[in-house]
Structures are given as structure tokens and as C-alpha cells.
Amino acid sequence: MIQEKRIVDHFASLVAIDAPSRGERALAETVKGQLRALGLSIEEDQAGAAIGGDCNNIYATWPGTLDWPPLIFCAHFDTVEPGQGKRAVIGSDGIITSAGDTVLGADDLSGLTAIVEAIRSIGEDGLEHRTVELFLTVAEEQHLLGSTHAELQRLKGRQAYVLDASGSPGTAIVQAPGNIGLVFELQGQSAHAGMEPEKGVSAITAAAKGIAAMRLGRIDTETTANIGRICGGGATNIVADACTVTAECRSRDWAKLEAQA
Ligand SMILES: [Zn+2]
């Protein structure tokens, strides 16, 4: 059975191990030991060397008692800064916080703890279960650097749960938009705006015409576009010779995203 006190104790013990991005080895070794004791076999890839870290992505397998396809559970080891010397403070109301001078690291140690507790309790209760594959990544907080170097062929499952999102228990994120950032750099020709404006080419005017012709805001139910920043020009008496426009578009449909960009 799931044991609340065991979850809290396990979580607090993992919080006490520093695991910055690219420095996850101590935490990973601890978790590997726990998983081996529960009967999982463990492999690693070469991600650590590829990203300048001390730890690889971990792949662990718990053989099932049911002849169903494997199910993958994913979480990440690393925590954001400030994360050196963190510890879990358990309040009288049961709410767990950091000591205040670091992050707690619930992202993503709560996911990691939940996975281990589920395996432990299912094993203890002798429940039938599918083969479980764990994909535990490093340097997730560095734009998914660890999983970028993953060797996904090591995973046999085709269904996965990633335990790494905020929200109430039971919330699942099943779609997320792709995002393309855009920077437009416009080059014009400077001139004195009062004396000889006809000799100038205003980069700001060009940018304004371009932006006015763009489709922006909500494009459709799954696509958006936005100009976030315009920067250019100097004094009011000079035709601006440079202007930079920064924008983004998002869509849950890759073809629409590319078309909008
Ligand atoms: Zn996370």
C-alpha cells in the first residue's frame, strides 16, 4: 500500500542531495541503489560526456507479471538554482517547503519519489503489473539537454507518463504547442530628418509596414503569433538606419507553425 510517511521521508532524503544540472551523479547513484533493491535492472547512456556533466540518463526496467506492452515513466534528476544545500522543511500542517534560501526541488523530485513509491508498494502487495520502464534524465532544466542525447531505442514501451508538471493530482497535459522565436533586423539609411529626409531610408517605417501586414494574435484555435519587442532609432532628428523586431509564434500543429513563421 502507498505509505504517506515513507513518501515524505524518501522525498526529504532526496531533497538533501544536491543535484544541479550536469551534477546529478550523487542523486542518480542513490536512486539507482534503491531501484536495484526493488528488482530493477539499470542501464546508462553517454549523455554526461556529451553535455559536460557527471551523470548520464538512466534507463531502468522492472519486469512485469502481465504480458502487456511496457509502460514508461519519466522524470528528471536535476533541480534549478539556488539548489546547493537544500533541505525539506515539513510544516505542522504537513506542507513541505524549502528552508527559504534554496529551491525545494519538488520539480522534479516529487515525480521521482512517486515513481519509486508506486513500484515499492506494488511489489510489496504482490500486484500484477505491466513491465515498467523508467527514463530518468539529466539536465532537463537546461532546455532538455539530457534527453536531447537520449538513446530512446533502449526503451521498448510506446506509452509514457512524464511526471513533471504542476497542477492538481489527476491533471494530465496531453498537448503542448511548438514555439518559434523570430528576430528581424532591418537595415536602412540614416539622414538628417530635418535637412534632407529624402536621402534616408527609415528602418522603423519599414518595420512598421511589415508588422502591419502580418497576421498576429490568435491565428486559429491552436496557433498564435505576437510581436514582443521593437527596438531602433536614436534621436528624433535622425532617420533611423536600424530597427530590430522580436516576435514569436506558437502552434500545436507543426505545419501551421512553420507556415506562420
Ligand atoms: Zn521539471
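Mentor: A helix here is a DSSP run of H or I with at least four residues, and helices are numbered from the N terminus. Keep in mind that this is a predicted model.

Trainee: In which helix is K32 found?
Mentor: Look at residues 25–37. They form one helix, and K32 is found there. The helix is α2.

Trainee: Is K32 buried or exposed?
Mentor: The relative accessible area of K32 is 7%. Buried means under 20%. On that cut-off, K32 is buried.

Trainee: What separates the C-alpha atoms of K32 and I122?
Mentor: Along the chain, K32 and I122 are 90 residues apart. In space, their C-alpha atoms are separated by 18 Å.

Trainee: Step back to the whole protein. How many helices and strands does the protein have?
Mentor: Count both kinds of element. The protein has seven helices and 11 strands.

Trainee: What radius of gyration does the protein have?
Mentor: Start from the reference. A compact globule of 261 residues would be near 18 Å. The C-alpha atoms here fill a box of roughly 85 × 45 × 40 Å along the principal axes. The protein's own radius of gyration is 25 Å.

Trainee: How far apart do the C-alpha centres of domain 1 and domain 2 lie?
Mentor: Place the domains first. Domain 1 covers 4–162, and domain 2 covers 178–260. Their C-alpha centres lie apart by 44 Å.

Trainee: What share of the residues is buried?
Mentor: The protein has 261 residues. The buried ones make up 35%.

Trainee: Now the metal. Which residues are the protein donors of the zinc ion?
Mentor: The donor atoms lie 1.9 to 2.5 Å from the zinc ion. D164 is listed twice, each time through OD. Along the chain, the donors follow the spacing H-x30-D-x56-D. The residues are H76, D107 and D164.

Trainee: Is the zinc site tetrahedral or irregular?
Mentor: There are four donor atoms. A tetrahedral site needs all angles between 85 and 135 degrees. Here the angles run from 55 to 144 degrees. The site is therefore irregular.

Trainee: How many residues apart are H76 and D164?
Mentor: H76 is in strand β3. D164 is in the loop between β7 and β8. The two link distant parts of the chain, with a separation of 88 residues.

Trainee: H76 or D164: which is partly exposed?
Mentor: H76 has a relative accessible area of 1%, so H76 is buried. The other value is 26%, which counts as partly exposed. That residue is D164.

Trainee: How many aromatic pairs does a search of the whole structure find?
Mentor: One pair is Y59 with F135, at 5.4 Å centre to centre and 25 degrees between the planes. Another is F73 with Y161, at 5.6 Å and 20 degrees. Each pair is stacked. The search finds two.

Trainee: How far apart in sequence are the parts that Y59 and F135 tie together?
Mentor: Y59 lies in strand β2, residues 58–62. F135 lies in strand β6, residues 132–137. Both Y59 and F135 are buried. The parts are apart in sequence by 76 residues.

Trainee: Which residue lies over the face of Y59?
Mentor: Measure from the ring centre of Y59. At 5.4 Å from that centre lies R154.

Trainee: In which strand does Y161 lie?
Mentor: Its partner F73 lies in strand β3 and is 88 residues away in sequence. F73 is partly exposed, at 23% relative accessible area. Y161 itself lies within residues 159–162, strand β7.

Trainee: How far apart in space are F77 and T137, C-alpha to C-alpha?
Mentor: F77 lies in the loop between β3 and β4. At 1% relative accessibility, F77 counts as buried. F77 and T137 are 60 residues apart in sequence. In space, the distance is 6.1 Å.

Trainee: Which peptide bond has omega near -5 degrees?
Mentor: This bond is cis. P82 belongs to it, and the place of P82 is in the loop between β3 and β4. The bond runs from E81 to P82.

Trainee: What is omega for the bond that joins D107 and D108?
Mentor: D108 is in helix α4, residues 106–125. The bond is cis. Omega is about 15 degrees.

Trainee: H143 or L144: which is exposed?
Mentor: H143 and L144 are in the loop between β6 and α5. Phi is positive in each, near 55 degrees for H143 and near 60 degrees for L144. L144 counts as partly exposed at 44%. At 75%, the exposed residue is H143.

Technical notes:
Residues are numbered from 1 along each chain as its sequence is written. This is a predicted model: local features need pLDDT of at least 70, side-chain atom pairs count only at pLDDT 80 or more; totals for chains, interfaces and linings use all residues. Side-chain values use heavy atoms; hydrogens and water are left out. Rings of Phe, Tyr and Trp (its six-membered ring) pair if their centres lie within 6.5 Å; planes under 30 degrees apart count as stacked, over 60 as edge-to-face and the rest as tilted. Buried means under 20% relative accessible area, exposed over 50%, partly exposed in between (1.4 Å probe, protein chains only). A charge sits over a ring if NZ of Lys or CZ of Arg is within 6 Å of the ring centre and within 35 degrees of the ring normal. Domain bounds come from an automatic or database domain assignment. Donors are N, O and S atoms within 2.8 Å of the metal (3.2 Å for Na, K and Ca); water is not among the atoms, so sites may look incomplete. Four donors count as tetrahedral if all angles lie between 85 and 135 degrees; four count as square planar and six as octahedral if opposite donors are over 155 degrees apart and all others between 65 and 115; anything else is irregular. The radius of gyration is taken over C-alpha atoms; the globule rule is 2.2 Å times the number of residues to the power 0.38.
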